[in-house]
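Me: Hey, I'm new to this one and would like a quick walk through it. Can I just throw questions at you as I look?

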Amino acid sequence: MYDFKITAADKPSLYKDLAAALEALVAGEPDGIANMANAAALIWESLPDLNWAGFYRNVGGELVLGPFQGRAACIRIPFGKGVCGAAAATLDVQRVDDVNAFPGHIACDSASASELVVPIVRDGKLLAVLDLDSPDMARFDAEDEAGCVALGAILAKAI
Ligand code: SME
């Protein structure tokens, strides 16, 4: 049984604990889908004010829905389209305070107001993106971005 209690008071400690829990979860497990599934569950349980947390995988140059928590979502996203597609095309983190102001944003859930997408890259190749959505405007700040980039670095070795 895994029973991670991640309740740190400040964000840097929260993400430090989350990274340690993720390292423990993926240790010794070579199956990338299993690791993405547990990562989505861990993030969903640990970070407040999310309405979606999960992955799109790079399958032959197209983003395809991977393990996630939240409502059923769009399955295929072309590179360059929406927030996830922008992250995939540029390999840059996308932190969007107001998704309705983002050109081409794909509204899988009309409740989503802000979004953070972290590309997961190994040896210069995009493996997947980690996508977090929130019903709150500007839910994600620079500390969330840094924390999720660190989670992405762990996942780059585990998926
Ligand atoms: N809103 C995303 C699509 C994925 S869902 O949020 C799960 C986008 O514009 O890429």
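Me: Let's start with E115. Is that residue buried or exposed, and what is its nearest side chain of opposite charge?

Reply: Keep in mind that this is a predicted model. In it, E115 is buried and has no salt bridge. The nearest side chain of opposite charge belongs to K81, 12 Å away. A salt bridge here needs the charged atoms within 4 Å, so K81 doesn't make one with E115.

Me: OK, and where does E115 lie?

Reply: In strand 5, which covers residues 114-122.

Me: What does E115 touch, leaving out residues up to four places away in sequence?

Reply: Quite a list: V83, C84, Q94, R95, V96, V99, H105, D131, L132, D133 and F140.

Me: C84 is a cysteine. How many disulfides does the structure hold?

Reply: It holds 1 disulfide. The pair is C74 and C108, with sulfur atoms 2.0 Å apart. These two link distant parts of the chain, 34 residues apart: C74 sits in the loop between strand 2 and strand 3, and C108 in the loop between strand 4 and strand 5.

Me: Is that disulfide left-handed or right-handed, and why?

Reply: Left-handed, because the torsion about the S-S bond is about -125°.

Me: How accessible are C74 and C108?

Reply: C74 is partly exposed, at 22% relative accessible area. C108 counts as partly exposed too, at 34%.

Me: And C84, which cysteine sulfur is nearest to it?

Reply: That of C108, 7.7 Å away, and C84 is in no disulfide. C84 counts as buried, with 4% relative accessibility.

Me: Why is there no bond between C148 and C84?

Reply: Their sulfurs are 13 Å apart, which is too far for a bond. C148 is buried as well, with a relative accessible area of 0%.

Me: Switching to helix 4. Which of its residues are buried?

Reply: D144, G147, C148, L151, G152, I154, L155 and A156. Some of that spacing fits a general point: an α-helix has 3.6 residues a turn, so residues three or four places apart point the same way.

Me: What covers those buried residues?

Reply: The cover includes helix 1, helix 2, strand 1, strand 5 and strand 6. So strand 5, where E115 lies, is part of that cover.

Me: What caps the N-terminal end of helix 4?

Reply: D141 does, with a side-chain oxygen 3.0 Å from the backbone nitrogen of E143.

Me: Last one: how far apart are the end C-alpha atoms of helix 4?

Reply: They are 21 Å apart. At 1.5 Å a residue, its 15 residues (142-156) should span 21 Å, so the two agree.

Notes
Residues numbered from 1 in each chain as written. Predicted model: local features only at pLDDT ≥ 70, side-chain atom pairs only at ≥ 80, totals over all residues. Heavy atoms only, no water. Helix = DSSP H or I, 4+ residues; strand = E, 2+ residues; numbered from the N terminus. Buried < 20%, exposed > 50% of the residue type's maximum accessible area, 1.4 Å probe, protein only. Lys, Arg positive; Asp, Glu negative; His and termini not counted. Contact = heavy atoms within 4.5 Å. Expected span 1.5 Å × (residues − 1). Polar contact = N/O pair within 3.5 Å; in protein donor to acceptor, adjacent residues only side chain to side chain. Disulfide = S-S within 2.5 Å.
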